[in-house]
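Trainee: I would like a close look at one part of this model, and then an account of how the rest is arranged. Please take it slowly, as I am new to reading structures.

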Amino acid sequence: MKILVINGPNINMLGIREPGVYGKQTFQDLLWLLEETAQNLTISVTQFQSNHEGAIVDMIQAAYGKYDGIVINPAAYTHTSVAILDALKAVSIPAVEVHISDVDAREEFRKHSYPGLYCEKTIKGQGLDGYRQAIIYLKEKYA
């Protein structure tokens, strides 16, 4: 099984950006968690991060026929990107949305997710472990 993990804007700043909201773990900690999870589950996990909406759309489109599942944290694009939603719908790859913080306990605008309209599951407020949970979900359902 091959899973693509996509991270949106500012996720590369984990540990620096608002540690009271996102925790003190770094982006490198997330990469290690993804690698360890892949090894433990004997699957392939590829990580992609971009601060640019078009690059995320391009990566989703490039995943067509190559990946069995997508884990996506659209970050700030969660609340604004119909383009990311449309790309997910176009490729029809099973997807799980992840948010490190509990977006439902934050500002009102953060409660709406365009990409989440396609994703079959959303994991919120579990910190970096939400990624592991999403990968396990996809493996158990689709492997």
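Which residues does Ser81 touch, not counting residues up to four places away in sequence?

Mentor: Keep in mind throughout that this is a predicted model. Leaving out residues up to four places away in sequence, Ser81 touches Glu53, Tyr114 and Pro115. Ser81 itself sits in the loop between strand 3 (residues 69-73) and helix 4 (residues 82-91). Its relative accessible area is 0%, so Ser81 is buried, the cut-off for that word being under 20%. The side chain of Ser81 also has a polar partner: one of its polar atoms lies 2.9 Å from the backbone nitrogen of Ile84.

A second serine can be read in the same manner. Ser113 is found in the loop between strand 4 and strand 5. With a relative accessible area of 14%, Ser113 also counts as buried. Setting aside residues up to four places away in sequence, Ser113 touches Thr78 and Glu97. With Glu97, the side chain of Ser113 makes a polar contact of 2.5 Å, side chain to side chain. The side chain of Ser113 also reaches a backbone atom, the nitrogen of Gly116, at 2.8 Å. To get a sense of scale, take Ser113 and Gln39: they are 74 residues apart along the chain, and their C-alpha atoms are separated by 31 Å.

Gln39 brings us to helix 2. This helix has 15 residues, 27-41, and at 1.5 Å a residue it should span 21 Å; the C-alpha atoms at its ends are 21 Å apart, which agrees. Now sort its residues by exposure. Phe27, Leu30, Leu33, Leu34, Thr37, Ala38 and Leu41 are buried. Seen down the axis of helix 2, these buried residues fall within an arc of 130°, so they line one face of the helix. Trp32, Gln39 and Asn40, on the other side of helix 2, are exposed. What do the buried residues of helix 2 pack against? They pack against strand 1 (2-7), strand 2 (44-49) and helix 5 (129-142). After helix 2 comes Thr42, whose phi is positive, near 50°.

Thr37 is worth singling out within helix 2. Its relative accessible area is 5%, and Thr37 is therefore buried. The side chain of Thr37 reaches the backbone oxygen of Leu33 at 2.8 Å. Beyond residues up to four places away in sequence, Thr37 touches Arg132 and Ile135.

Next, look at strand 1, one of the elements that helix 2 packs against. Strand 1 is mostly covered, with five of its six residues buried. Strand 1 pairs with strand 2 in the parallel sense, over six bridges. One place to see this is Lys2, which stands opposite Ser44 in strand 2. Strand 1 also pairs with strand 3, again in the parallel sense, over five bridges. In that pairing, Asn7 has Asn73 of strand 3 as its bridge partner.

That leaves the charged pairs. How many salt bridges does a search of the whole structure find? The search finds two salt bridges. One of them joins Glu120 and Lys141, with 3.1 Å between the closest N and O atoms. Glu120 lies in the loop between strand 4 (95-99) and strand 5 (121-124), whereas Lys141 lies in helix 5, so this pair ties together parts that are 21 residues apart in sequence. Glu120 is partly exposed, at a relative accessible area of 33%, and Lys141 is partly exposed at 47%.

Another salt bridge is formed by Asp129 and Arg132, whose closest N and O atoms are 2.6 Å apart. Because Asp129 and Arg132 are three residues apart in helix 5, about one helical turn separates them. Asp129 is partly exposed, with 27% relative accessibility, and Arg132 is partly exposed as well, at 31%. You have met Arg132 already: Thr37 touches it from helix 2.

Terms used. Residues numbered from 1 in each chain as written. Predicted model: local features only at pLDDT ≥ 70, side-chain atom pairs only at ≥ 80, totals over all residues. Heavy atoms only, no water. Helix = DSSP H or I, 4+ residues; strand = E, 2+ residues; numbered from the N terminus. Expected span 1.5 Å × (residues − 1). Buried < 20%, exposed > 50% of the residue type's maximum accessible area, 1.4 Å probe, protein only. Arc of directions from axis to C-beta. Contact = heavy atoms within 4.5 Å. Polar contact = N/O pair within 3.5 Å; in protein donor to acceptor, adjacent residues only side chain to side chain. Salt bridge = Lys/Arg side-chain N within 4 Å of Asp/Glu carboxyl O. Pairing = 2+ DSSP bridges.
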